[in-house]
Amino acid sequence: MKHRIVVLGAGYTGASAAGRLARRLRREDVAITLVNAEPDFVERIRNHQLATGQDLKPRPLSEIFAGTGVELRLAKVTRVDVDRKTVALTGANGAEELGYDTLVYALGSGWNSQGVPGTAEHAHQIAGRTGALRLRERLAGLDAGQTVVVVGGGLTGVEASTELAEARPDLDVALAVSGGLGDWISPKGREHLRKVFGKLGITAYEHTTVSGVAAGHVTTADGKVIPAAVTVWTAGFAVHPIAQATSLEVSGTGQIVVDRTMRSVSHPDVYAVGDAAMAMGAGDKPLRMSCASGIPAAALAADAIAARLTGRKVPDKTIGYFNQCISLGRKEGLIQYVTADDRARQGVLTGRPAAAYKELICKGAAWSVANPTLGMPTRKHRVTPERTLRQDTV
Ligand SMILES: Cc1cc2nc3c(=O)[nH]c(=O)nc-3n(C[C@H](O)[C@H](O)[C@H](O)COP(=O)(O)OP(=O)(O)OC[C@H]3O[C@@H](n4cnc5c(N)ncnc54)[C@H](O)[C@@H]3O)c2cc1C
């Protein structure tokens, strides 16, 4: 009997984990199934580009995983039962159930409306491809001079507002930030951000908490009304509720709590990676929802699973950060160097070199997903039968 590994989600982390598992383990020993709702790999970190009219290269998962030994299943995960070790799916064949011996949960996240009134009806979002395409259509219908308000001053809000202002200089673009603009980055980084905002004509509403979204405007906690033909909501991500509905230990945010090998602290045959996981990184700080930490976490999880199944040494690594790569449109960028626990250092890279660097990072991330079994040393050890039964012993 082959050991059944089921990977849920073929985003940056699930696809990376599935590919690496296929590289590490022998086809005779394991059956790897990758489940994803959409047929294409979505380059989520380019959703702001998609929304502003740029066309992205299609990346069908069936082509990516052809010949790798990973079986792709296009279906929506509706439920996970970690006690019965089954996953419920709905796909072209209707409802079905998939059993597993080891589960890798990588369903990512969606937008987080924070429960602000009017967001569901009136706000656009770019956390997923569908949302980005809907916004693209809406933006295409806007006339010159109309206002777009992006809400949320994190990386996604900064990237979205600058991309939009560069692509549509005829629009009036604003960013509403609950703190100061770029207040998490270094003084040099902030200065550059302000310069680019100035050049692109973006209005920054700082220390402004948006408390309501309506057709044509947003309202703020201190009673202001800001006109907005379109509101783009980027104030954080929220995980899908599937994990929370299981007996897995989850955090207050609904993320699966995992140890340093990305293994669930409550269920040793379940691993979680990417946005769906609550994992500690350098300095014992939770890893933020990002590819920057999610992709290394996926590699770590795959290596840990392979090591446990083959009786090898389990990797002992701490995931840390090196930089935050922020696109500011296609011609400008900001690379903020950070400590391993993600605090801004003094150094930054700006301008065209930063834009080129960020582009390289995006291409590299997509390349690693699109070539799941290339470029890695093959180490295919035999699965030890007793390990498959007693994973919890290592
Ligand atoms: C506009 C934007 C810009 C970003 N920029 C950066 C950046 O520059 N750097 C960075 O590090 N991070 C960035 N991020 C964050 C980054 O995209 C996420 O952290 C990353 O995608 C998480 O990877 P993941 O594999 O956990 O989830 P995802 O990449 O979201 O993949 C989840 C997968 O699961 C599938 N799925 C979800 N639910 C189901 C279901 N019920 N059934 C079946 N399949 C399902 C989805 O279709 C998807 O394929 C950005 C995000 C956005 C939105």
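**Entry 1: serine 109**

I began with serine 109, whose side chain makes a polar contact of 2.8 Å with the side chain of aspartate 275. The model I was reading is a predicted one. I noted a second polar contact for serine 109, this time 3.0 Å long and to the side chain of arginine 44. I then looked up the element and found serine 109 in strand 7, residues 109-111. Is serine 109 buried or exposed? Its relative accessible area is 8%, and serine 109 is therefore buried, the cut-off being under 20%. I also recorded that aspartate 275 is listed among the residues that come nearest to the ligand.

**Entry 2: the ligand**

I turned to the ligand and counted 33 residues around it. Which of them come nearest? They are Thr13, Val77, Asp275, Cys291 and Lys358. I sorted the shell by class and obtained 16 nonpolar, 11 polar and 6 charged residues.

I next listed the polar atoms facing the ligand. A polar backbone atom of valine 77 lies 2.8 Å from a ligand nitrogen atom. For alanine 37, I found a backbone N or O atom 3.0 Å from a nitrogen atom of the ligand. In glutamate 38 the side chain is involved, with an N or O atom 3.4 Å from an oxygen atom of the ligand. I looked up how much of the ligand is covered: taken alone it exposes 1000 Å², of which the protein buries 91%.

Which elements each supply at least two residues of the shell? I wrote down helix 1 (12-24), helix 2 (47-51), strand 3 (70-81), helix 6 (155-167) and helix 8 (291-310). Strand 3 gives the most, with 3 residues.

**Entry 3: alanine 15**

I checked alanine 15, which is placed in helix 1. With a relative accessibility of 0%, alanine 15 counts as buried. I also took its separation from asparagine 36: the two are 21 residues apart in sequence, and their C-alpha atoms are 9.4 Å apart in space.

**Entry 4: helix 5**

I examined helix 5, residues 129-140, which has 12 residues. From first to last C-alpha the helix reaches 16 Å, close to the 16 Å expected at 1.5 Å a residue. Which residues of helix 5 are buried? I found Gly131, Ala132, Leu135 and Leu139. They lie on the same side of helix 5, because they cover an arc of only 95 degrees around the axis. I set this beside the general rule that an α-helix has 3.6 residues a turn, so residues three or four places apart point the same way. On the face turned away from the buried side of helix 5, I noted the exposed residues Thr130, Glu137 and Ala140.

**Entry 5: arginine 168 and helix 6**

I followed leucine 139 to a partner: its backbone oxygen is reached at 2.8 Å by the side chain of arginine 168. Arginine 168 also has a polar contact of 2.9 Å with aspartate 170, side chain to side chain. Where is arginine 168 placed? I located it in the loop between helix 6 and strand 10 (172-176). Its relative accessibility is 19%, so arginine 168 counts as buried, the cut-off being under 20%.

I then looked at helix 6 itself. Its 13 residues should span 18 Å at 1.5 Å a residue, and its end C-alpha atoms are 18 Å apart, which agrees. I listed the buried residues of helix 6 as Gly157, Val158, Glu159, Ala160, Ser161, Thr162, Glu163, Leu164 and Ala165. Helix 6 is also one of the elements that supply at least two residues of the shell around the ligand.

**Entry 6: loop residues**

I looked up backbone angles in two loops. Lysine 85 has a phi near 60 degrees, a positive value in a residue other than glycine. Lysine 85 lies between strand 3 and strand 4 (86-91), in the loop. At 30% relative accessibility, I recorded lysine 85 as partly exposed. Glutamine 114 likewise has a positive phi, near 55 degrees, and is a residue other than glycine. I placed glutamine 114 in the loop between strand 7 and helix 4 (119-122).

My last look-up was lysine 285, in the loop between strand 19 (277-278) and helix 8. Its relative accessibility of 33% makes lysine 285 partly exposed. How far apart are the C-alpha atoms of lysine 285 and threonine 220? I found a separation of 31 Å, for two residues that are 65 residues apart along the chain.

Methods. Residues are numbered from 1 along each chain as its sequence is written. This is a predicted model: local features need pLDDT of at least 70, side-chain atom pairs count only at pLDDT 80 or more; totals for chains, interfaces and linings use all residues. Side-chain values use heavy atoms; hydrogens and water are left out. A residue is near a molecule or strand if one of its heavy atoms lies within 4 Å of it. A polar contact is a pair of N or O atoms within 3.5 Å; within protein, one must be able to donate a hydrogen and the other to accept it, and residues adjacent in sequence count only if both atoms are side-chain atoms. Accessible areas come from the Shrake-Rupley method with a 1.4 Å probe; for residues, only the protein chains shown count as cover. Helices (H or I, at least four residues) and strands (E, at least two) are DSSP runs, numbered from the N terminus. Ala, Val, Leu, Ile, Met, Phe, Trp, Tyr, Cys and Pro count as nonpolar, Asp, Glu, Lys and Arg as charged, and the others, Gly among them, as polar. The expected span of a helix is 1.5 Å times one less than its number of residues. Buried means under 20% relative accessible area, exposed over 50%, partly exposed in between (1.4 Å probe, protein chains only). The arc is that of the directions from the helix axis to the C-beta atoms.
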